[in-house]
Amino acid sequence: MAIEIGEVGSSKATLFEDLGGAEKIRELVERFYDVMDTDPRAAGIRAMHQKDLTEAREKLFMFLTGWSGGPSLYIERYGHPMLRKRHLPFPIGESERDQWMFCMVRAMHDIGMEEPMVVRLAQALWQVADFMRNKPDADNNAG
Ligand code: HEM
């Protein structure tokens, strides 16, 4: 019983709410693509994206809003995300996954996100990013 009462404040809110809603997700996504666009450590995945990142920014904002428990903006506009299928044209291995996560974690820090939230969000997004892998890594690293 006591456990249930204790959990009310924290575990009932959605990730969307805990993050600070659409405004904060927008800020995170803007910073994420700014980092990808400028940090040499993300050059590999930057090259996969279109020159103009406007559409990518809008789509990731819409997707993350629904994914975190907010309004289903992406689905309403584009239908089921089928995220893995949509990423198949891009060769994604461990390096690309790690570059993506690097941009995301740096963006979280840059916008001043509190550390426990950084850890929680990074863990959840890592699962998604790891699921995007679609090429073997042994080939890249060998010899
Ligand atoms: C793992 C490494 C990843 C790489 C290398 C990658 C790369 C890309 C690229 C190249 C595009 C096309 C953008 C363009 O046309 O300019 C894209 C689209 C997209 N990505 Fe990723 N991505 C990764 C992970 C993720 C993750 C983890 C998420 C979500 C949490 C995500 C969400 C999206 C969305 C929503 C789109 C738009 C899809 C559409 O409607 O066309 N991506 N990604």
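A crossing of two helices is left-handed if the near helix is turned anticlockwise from the far one by less than a right angle, and right-handed if clockwise. Keep that in mind for the stops below.

Before you start, note that this is a predicted model, in which local features need pLDDT of at least 70 and side-chain atom pairs count only at pLDDT 80 or more, while totals for chains, interfaces and linings use all residues. Residues are numbered from 1 along each chain as its sequence is written, and side-chain values use heavy atoms, with hydrogens and water left out.

**The whole chain**

Start with a cartoon view: you should find 10 helices and 0 strands, where helices (H or I, at least four residues) and strands (E, at least two) are DSSP runs numbered from the N terminus. Along the sequence the pattern reads α-α-α-α-α-α-α-α-α-α. Of the 143 residues, 35% count as buried (buried is under 20% relative accessible area, exposed over 50%, partly exposed in between, with a 1.4 Å probe and protein chains only). Among contacts (heavy atoms within 4.5 Å) with a separation of 6 or more, 71% join residues 24 or more positions apart.

**Helix 3 and helix 8**

Now select residues 21-38 for helix 3 and 94-110 for helix 8. Their axes come within 8 Å and cross at roughly 125°; axes are lines fitted to C-alpha atoms, for helices over the stretch in contact, and angles run from 0 to 180 degrees between N-to-C directions. That angle makes helix 3 oblique to helix 8 (under 35 degrees is roughly parallel, over 145 roughly antiparallel, 65 to 115 roughly perpendicular, and the rest oblique). The crossing of helix 3 and helix 8 is right-handed.

Show side chains next. From helix 3, Leu28, Arg31, Phe32, Val35 and Met36 meet a set in helix 8 that includes Trp100, Phe102, Cys103 and Arg106. The residues of this contact of helix 3 with helix 8 divide into 10 nonpolar, no polar and 3 charged (Ala, Val, Leu, Ile, Met, Phe, Trp, Tyr, Cys and Pro count as nonpolar, Asp, Glu, Lys and Arg as charged, and the others, Gly among them, as polar).

Step on to Asp39, in the loop between helix 3 and helix 4 (43-46). At 7% relative accessibility, Asp39 counts as buried. Leaving aside neighbours within four places in sequence, Asp39 is in contact with Phe102 and Arg106.

**Helix 3 and helix 5**

Keep helix 3 and add helix 5, residues 54-67. The axes of helix 3 and helix 5 come within 9 Å and cross at roughly 140°, and the two helices are therefore oblique to each other. Here too, helix 3 passes helix 5 in a right-handed crossing. Among the helix 3 residues that meet helix 5 are Ala22, Ile25, Val29 and Tyr33, while the helix 5 side includes Ala56, Leu60, Phe61 and Leu64. By class, the contact of helix 3 with helix 5 has 9 nonpolar, 1 polar and 5 charged residues.

**Along helix 5**

Stay on helix 5: its 14 residues reach 20 Å from first C-alpha to last, close to the 20 Å expected at 1.5 Å a residue (the expected span is 1.5 Å times one less than the number of residues). Which residues of helix 5 are buried? Colour Ala56, Arg57, Leu60, Phe61, Met62, Phe63, Leu64 and Thr65. Their cover includes helix 2 (15-19), helix 6 (73-78) and helix 9 (115-131). Just after helix 5, Gly69 takes a positive phi of about 110°.

**Last stop: Met82**

Finally, select Met82 in the loop between helix 6 and helix 7. Met82 has a positive phi of about 40° although it is not a glycine. With a relative accessible area of 38%, Met82 is partly exposed.
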